[in-house]
Amino acid sequence: MATLFSYFTPKSKKPSSPVCGDTADKNKNNSPKEGAQGFSPINDKKSTSPNTPKASRTQKDLSGESGLVKIERCGIVWAKLEGHPWWPSLICDHPTQRVYERGDKCHVQFFGDPPSRAWVKRRQMKQFSKDQNNRVIDPNIKNAVQQAEDALSLTLEQRKELVNCLPSDEEENGEDPCDETMLTDDESPKKESSGQKRKNSGGSSRNDASDEKDDDDEVTGRKYNSKRPRRKAATKNKKVKKRRIIESGSEDSADEIALDYFLFSVPSSFLNSKDATPAMKQWWQLKSDNFDTILFFKVGKFYELYNMDATVGVKELGLIYMKGNFAHAGFPEIAFGRYSDTLIQKGYKVARVEQTETPEMMKERCKRTHSNLKSDQVVKREICAVITKGTKTYSFVDGDCTESSAAYLLAISEKGSDDVSGGESVYGVCFVDTSIGKFHIGQFKDDRQSSRLRTLVAHFTPVQVLCTRGGLTLKTQQVLNHELMSAMKEYLTQGSQFWEAGKTLKVLAEEQYFNNDENNTENPVKSWPDVLKKLTDGDPLGLMPGEGSELALSALGAVIWYLKKCLIDGEVLSMGNFEILDNITLTNLDVIPSGPDASLEGTLLERLDHCCTPFGKRLFKQWLCAPLCNPASINDRLNSVEDLMANPSLMAETKDVLKTLPDLERLLKKIHALSLPRDKNHPANRAILYNEDTYSKRKINDFLTILEGFDKATEITAMFKDHASSFSSKLLTQVVTEQDITAGQSKVSGQFPKLHDLLHAFKHSFDHNKARNEGVILPKAGVDPDYDQAIADIQSMRTWFDQYLKKQCATLGCKATYWGSAKNRYQLEIPDSVRKIPDEYTLQSQKKGFKRYWTAAIEEKLAELVEAEERREEALKDTMRLVFHKFDQEYKTWDKTVQCLAVLDSLISLASCSSQADGPMCRPDIVLPEQTSDEEFQPFLEIREGRHPCISRTFSGGDFIPNDTVIGMQDDNDCEETAVNSQSTCVLVTGPNMGGKSTLMRQAGLIVIMAQMGCYVPAEKCRLSPVDRVFTRLGAHDRILSGESTFFVELSETSTILRHATRHSLVLVDELGRGTATYDGTAIACAVVGELSRHIKCRTLFSTHYHSLVEEFSADPNVRLGHMACMVENEDETDPSKETITFLYKFVKGACPKSYGFNAARLAGIPDEVISVAVNKARQFEETTDRVKIFRSLLNCKTGDVKQLQKQIMYEEVQIVPVLEHVNKIFIDVLSASCLF
């Protein structure tokens, strides 16, 4: 049968056809079950008696009410297994038995990808024919039916090539698989060569195993003939199910149906067998509860991986198999951080399993319980941490963090429907960055396109998502699958795992995460963060969720449950760092990377981010994703940039200091975790670590690093001390001036905390160098009274022993010394030459020529010394945690310092990119819009000689051509412009293909974002009123996974614009309507332009190639026309392919007469003969269109205009009869042209 690894690896795809071990599930479409879509063959009644005798002929006839069923090799039939629907199948030989029939069963291969096979009873088979195809509804069965119909046209010999059956482990070893059990090709391991079999017949060496092929099934199947349970055991005992599928309701899609690995169970017959050692039994019990997790199983000083985990370790980590009869690999304890991080980055979950007792403790336990059972003769092991992409805390075991970006864990709950008429939803979300312990909670209403949710996941891009199984609408699933394609997704059970709001609040109150004093009996809600109190509307007991916060608290509950499962809930939640999410908007202008694995190249973040610290980079990304809207705040940030640019040497010195700082924000979180009291219930505090000295050095090194970092940071305030008085920016003055000091032109008080006294206390509390080298914090005198007393007592005892030795030497008249160690110390070693030994001496040991004695005084003082040393060790044992706890008590002070440094780093980054650009940069002028005569505000945008922030050269290598963009105000540089549309808020942009229209629009959007985040912009002049949101409809792409076409995506984005845009928004629409018929696209584009320009009246750049659209709005006072200029050489109306187009990339007024599409075709390399045909067709279409226009004009003209119309048609004076003849001809042409369309 198939090995367990076949069902474990996350990379394997579930086949469409029936799969081994699946239970009946009518809602699962990707692996349809019995009765799926109500499909059955024409006659679903039983065939004739199953007792038909077996014969040796190659063909049998089974009669049923629906006709004869031909049973022949490579015949095509309908076959059915219990719990699965009828499925088209191919009769074929068994891969090892070489027969296709056995008793009353036939061996078939099911059509579908990947193909699977099984023994099927004859009465469960029907004849396959094409006339049943119209009864199939399920798309997966349709695919299989299509393959079967294609196979019908093949001969029996040709159908043999369709057979793709491979033997499983048990079949190749001679074991007989159970009836009606299927194997897929993904689960069937490849055959080994005879050489490999010979190697594995005995105990192969580690190198031999590593030289063989790294095949998953080979390792878990034949290569290591282990005695662990296989799927065969589950099929023999129907009550034991090793893999189950959780049903999530009748309307769940295939994406929502996920495996619940907690239900994986191991047969007790295996666990109680002689082949299962106590340690292996322990491993299987842990694995059954965490089947989707790689177990790093501690054995002595090594972490070991077994069975399918070992396969992953060899494949992904490059480990080498150890000797033995099952897959087995390992590595030293000290290498945990490196190996675990590698697996986590590849999408695996890792559990650290530690020994929580020593062999001596195990023996004592067995002695105490009087247990002689073999299963008890093993040290206890427990999972101490489960680490995923979204739950990394970078503890002392994990090692240092090398990534500066945040890794968010997202939980999302939804209340809504997929109703096409509305489809609005309410979302509750909770983001957490476990590396710094910061939570973001929010609840909001969203539209049918989930635009706010898309914005949110673009801003806080999660690496792992938690959601309820069956609790999300189809549109939300599509958003998560499309926008977060590379993120890990876990579906939790509503109620037990994804908590309701009430249960969340109850757990928060009971666990007392935010209560620092264990003896405090007051109401725990009083110690809650203010954000959580707001979500309960001030409920004193904290048990009732506030109105409009139920889904947000439910999402928080899911995060808490998952953190508890990963055993990090205490250290993360106890920081109490919560924030409420605001309604934020992010555009798709290549501002930031589009996913966690996307590249920074070509984004605005890459262009602007010059931060020197990791925490500065995280804050800068938040600034970029949420630009300011208040002109006063924007201008103050711009003042900061000006002040820094005016002091380049100071800015350079500050950057040098910032570059030396570690990630203080994450180090604060690590020190907080180390400062927590030892929870005896947490398995990590019981773990036996064999590299404790190394880990202690890591802890102390982190602590000393953060002290040195804050000490270095205090230099910055000293550097700015003489310059702060001249600063015009309040923000810059506050972050570089210490508290209670007034500075700057605005005389504001500083916000940078005073750290001198705090740092001085920690600097002189212990010897830093000794602590770094030895991994032990030894408090200096006066820091710890208990430690000081123990040290004094120890010194007093040692002085007594020295004096006592001198006294004994004088008494004996010879030279005596002390000998011994630990509790056998201070034995008086006396030569045998001394004959007279005092009676009080007690012989303890001896060697040749010497004897060793104790006296009653020595024994008494030695006991006092041991007791003093124990008091010293007891004081030292918790000294490190107490020092960390004392540091963590000032967390708010340290965190405020980090925030000041992050703001300063971000401001310096803005100043750097403002002063180091490729061209001229200007300070944007942000002003409030003026009120018009009709008492409305007139937003505007004026960019002079603007350039794209991320492009310095054209695609041909030339300098970037700057352009003006004026919207909502009169263009002073355009003297010919009429007053009718001088203040138009909508600009129609036309121009040749590849002429720069899209670049112009993106350029305008990015300049607005830069201006409102407080940065200089690449332009000669920039003036604008604040923009509340930037909407874009740029580019062309579909969402295949969501079933959305390119045109549907365009309309969805346009719908979001029309629903949410206000008069103060900026809208950028690029060639709307190109994904459908010309008339439909033109009509939709025309209606959208009319809505934006006449009703919403927001600032709009709308590019198009529809010249009829331009004509429609050429006289509209709300619309201005502009185009990207180009120069045409060798212009030829008869053959446009001979024309040479030179793009000028200059935006000028008016409409472009043509789009010059044939030039783009020639540049793209389309053959000349194809272009020539296209030119002729274009001429025909144009002539037909002109005739239609003339015909319409003639029908609408008056009698007196006939002669003028004659001149227009015939270009000379003619009589009315010829005109009518010409009209008749036109009418015929129009009728013929209508056939073309």
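Is Glu873 buried, exposed or partly exposed? In the predicted model, Glu873 is partly exposed, since its relative accessible area is 41%. This residue takes part in a salt bridge with Arg872, in which the closest N and O atoms are 3.0 Å apart. Elsewhere, salt bridges with shared partners connect Lys298, Glu333, Arg352 and Glu354 into one network.

Side chains of opposite charge can pair when their charged atoms come close. Across the model, the count of such salt bridges comes to 42. One of these joins Lys349 to Asp292, with a separation of 2.9 Å between the closest N and O atoms. This pair links distant parts of the chain, the two residues being 57 residues apart. Lys349 belongs to strand S13 (residues 349-355), whereas Asp292 lies in the loop between helix H9 (278-289) and strand S10 (293-299). The partners also fall into separate accessibility classes: Lys349 has a relative accessible area of 4% and is therefore buried, while Asp292, at 23%, is partly exposed. The limit that matters here is 20%, because a residue under that value counts as buried.

A further salt bridge is formed by Glu157 and Lys160, whose closest N and O atoms are 3.2 Å apart. Glu157 has a relative accessible area of 53% and is therefore exposed. For Lys160 the corresponding value is 41%, so this residue is classed as partly exposed.

Nonpolar side chains were also examined at the surface. Leu541, Leu543 and Met544 form a nonpolar patch there, and together they contribute about 310 Å² of accessible area. Within this patch, Leu543 is situated in the loop between helix H16 (530-535) and helix H17 (550-565). The relative accessibility of Leu543 is 40%, and the residue therefore counts as partly exposed.

The arrangement of helices was considered next. Two packed helices are described by the angle between their axes and the distance between the axes. For helix H23 (residues 664-675) and helix H30 (residues 879-888), the axes come within 8 Å and cross at roughly 130°. H23 and H30 are therefore oblique to each other; an angle would have to be over 145 degrees to count as roughly antiparallel. The crossing of H23 and H30 is left-handed.

Conventions: Residues are numbered from 1 along each chain as its sequence is written. This is a predicted model: local features need pLDDT of at least 70, side-chain atom pairs count only at pLDDT 80 or more; totals for chains, interfaces and linings use all residues. Side-chain values use heavy atoms; hydrogens and water are left out. Patches are made of residues with over 30% relative accessible area and no salt bridge: like charges are joined within 9 Å, nonpolar side chains (Val, Leu, Ile, Met, Phe, Trp, Tyr) within 5 Å. Accessible areas come from the Shrake-Rupley method with a 1.4 Å probe; for residues, only the protein chains shown count as cover. A salt bridge is a side-chain nitrogen of Lys or Arg within 4 Å of a carboxyl oxygen of Asp or Glu. Helices (H or I, at least four residues) and strands (E, at least two) are DSSP runs, numbered from the N terminus. Buried means under 20% relative accessible area, exposed over 50%, partly exposed in between (1.4 Å probe, protein chains only). Axes are lines fitted to C-alpha atoms, for helices over the stretch in contact, and angles run from 0 to 180 degrees between N-to-C directions. Angles under 35 degrees count as roughly parallel, over 145 as roughly antiparallel, 65 to 115 as roughly perpendicular and the rest as oblique. A crossing is left-handed if the near helix is turned anticlockwise from the far one by less than a right angle, and right-handed if clockwise.
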